[in-house]
Amino acid sequence: MMYKILANTQFLGKDVVYLTECHSTNDFAMDLVRCERATHGMLIWTPNQLKGKGQRGNRWFTEPNKNLTFSVILKHESFDVSDIFRLNIAVSLAVHQVLKRFVHSISIKWPNDFLDPKEGKIGGMLIENSISGQQVLYSVVGLGINVNQLQFPFPGATSLSLLAARDIDLKPLLEQLLESIERSYMALKYKGARGLIQDYLAHLYRFQQWAMYDDGDQFEGKIVGVEADGKLILQKQNGETHRYSFKSIRFV
């Protein structure tokens with residue numbers, strides 16, 4: 001089903017596939033990539049995602065017609081695999097910029113969640129890539145944002161509506177997100193990653209704060225940086241610094 005998006009963008013959301021329901025917008029988008037039917041900036045959007053995916057193979061549960069669940073397809077002209085996490089940072093900052101218009105306390109949680117530090121998680125992102133050699137040909141950026149959902153089947157989740165104490169129109173929010181993501185992507189493409197890491201750290205949950213983590217053993221540490229390849233840099237209380245990939249560390 002085709003759907004008209006009125007976002008003020010050059011390419012993002014100009015080609016829209018609207019599905020009344022689907023298992024996963026990322027899976028649908030990756031199928032389009034594999035079948036060579038994907039276009040640059042294509043938006044896959046559904047009000048009812050049945051089996052959304054998160055990091056570590058986690059499921060993303062969402063109440064129908066209450067939230068935003070969508071994926072966008074980026075077809076790269078020249079994008080090296082070493083820059084994959086820079087795309088993650090660029091999109092994270094773009095989403096954060098929009099969400100903080102509604103709730104100023106929103107933080108980015110490494111590697112790709114959005115949360116209120118006191119109330120819990122309101123959204124997540126999953127980027128999947130089609131790679132040939134050292135070049136990323138396509139990236140599929142999937143986003144799930146809890147917008148107007150008021151109850152959750154598990155602890156630690158909240159929504160923009162709960163935090164802002166009002167209902168939020170989904171379509172204008174989607175358009176704002178598309179506009180912000182496109183601006184950030186174009187800046188990354190033409191200006192590079194200069195300044196991105198600093199902005200990312202400025203909004204990063206637990207940056208320079210002592211907290212508990214688990215890397216097989218629980219310990220107290222603080223985040224002191226993020227490497228270009230996405231590894232999280234933690235300092236332990238004995239002064240040692242350790243670098244962790246996505247699946248090797250857990251926030252306690």
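Select Ser 139 to begin: this residue is buried, with a relative accessible area of 0%. The model is a predicted one. Ser 139 belongs to strand S9. Now show the side chain of His 76; a polar contact of 2.8 Å joins it to the side chain of Ser 139. Next, display the other surroundings of Ser 139, setting aside its neighbours within four places in sequence. The residues in contact are Val 72, Ile 73, Leu 74, His 76, Leu 87, Ile 127, Glu 128 and Asn 129.

**The sheet of 7 strands**

Zoom out from Ser 139 to the sheet that includes S9. Its strands follow the order S1-S2-S5-S9-S8-S7-S6, the sheet is open, and the pairing is mixed. Where are the edges? They are formed by strand S1 (16–18) and S6; each has a single partner strand, so one side of each is left without a neighbour in the sheet. From one strand to the next, the twist averages 20°.

Strands of a sheet pair through backbone hydrogen bonds, in either a parallel or an antiparallel manner.

**Strand S7 and its two partners**

Select strand S7, residues 113–116. Which of its faces are covered? Both are: Asp 113 and Leu 115 on one side are buried, and so are Phe 114 and Asp 116 on the other.

Add strand S6 (residues 107–109), which pairs with S7 in the antiparallel sense over 3 bridges. To see one pairing position, pick Ser 107, whose bridge partner in S7 is Leu 115. The connection from S6 to S7 is a hairpin through 3 residues.

Then add strand S8 (residues 120–132), which runs antiparallel to S7 and is joined to it by 4 bridges. Pick Phe 114 and look across to Gly 123, its bridge partner in S8. Asp 116 has Gly 120 as its bridge partner in S8. Between S7 and S8 there are 3 residues, and the two strands form a hairpin.

Stay with Asp 113 and show its side chain together with that of Lys 121. The two form a salt bridge, with the closest N and O atoms 3.3 Å apart. Is Asp 113 buried or exposed? Its relative accessibility is 17%, so it counts as buried, the limit being under 20%. Lys 121 is partly exposed, at a relative accessible area of 26%.

**The helices across the sheet**

Select helix H2 (residues 84–99), which lies across S5, S6, S7, S8 and S9 and runs at about 150° to S8. Then select H1. This helix lies across S1, strand S2 (43–46), strand S5 (68–75), S8 and strand S9 (135–145), and its direction is at about 25° to S5.

Within H1 (residues 25–34), find Asp 31 and Arg 34, which are 3 residues apart, about one turn of the helix. A salt bridge connects them, the closest N and O atoms being 2.6 Å apart. Arg 34 is exposed, with a relative accessible area of 57%, whereas Asp 31 is partly exposed at 40%.

Side chains of opposite charge can pair when their charged atoms come close. How many salt bridges does the structure hold? It holds 8.

**The sheet of 5 strands**

Move to the other sheet on this tour, an open one of 5 strands in the order S13-S12-S11-S10-S14, with antiparallel pairing. S13 and strand S14 (250–251) stand at its edges; each has a single partner strand, so one side of each is left without a neighbour in the sheet.

Select S12 and S13 together: they pair in the antiparallel sense over 4 bridges. Pick Leu 232 and find Tyr 244, its bridge partner in S13.

For the last stop, show the side chains of Glu 227 and Arg 243, which meet in a salt bridge of 2.4 Å, N to O. What does this pair link? It links distant parts of the chain, 16 residues apart: Glu 227 lies in the loop between strand S11 (218–226) and strand S12 (232–236), and Arg 243 lies in strand S13 (residues 241–244). Glu 227 counts as partly exposed at 23% relative accessibility. Arg 243 is also partly exposed, and its relative accessible area is 46%.

Technical notes
Residues are numbered from 1 along each chain as its sequence is written. This is a predicted model: local features need pLDDT of at least 70, side-chain atom pairs count only at pLDDT 80 or more; totals for chains, interfaces and linings use all residues. Side-chain values use heavy atoms; hydrogens and water are left out. A salt bridge is a side-chain nitrogen of Lys or Arg within 4 Å of a carboxyl oxygen of Asp or Glu. Buried means under 20% relative accessible area, exposed over 50%, partly exposed in between (1.4 Å probe, protein chains only). Two strands pair if DSSP finds at least two bridges between them. Axes are lines fitted to C-alpha atoms, for helices over the stretch in contact, and angles run from 0 to 180 degrees between N-to-C directions. Contact means heavy atoms within 4.5 Å. A polar contact is a pair of N or O atoms within 3.5 Å; within protein, one must be able to donate a hydrogen and the other to accept it, and residues adjacent in sequence count only if both atoms are side-chain atoms.
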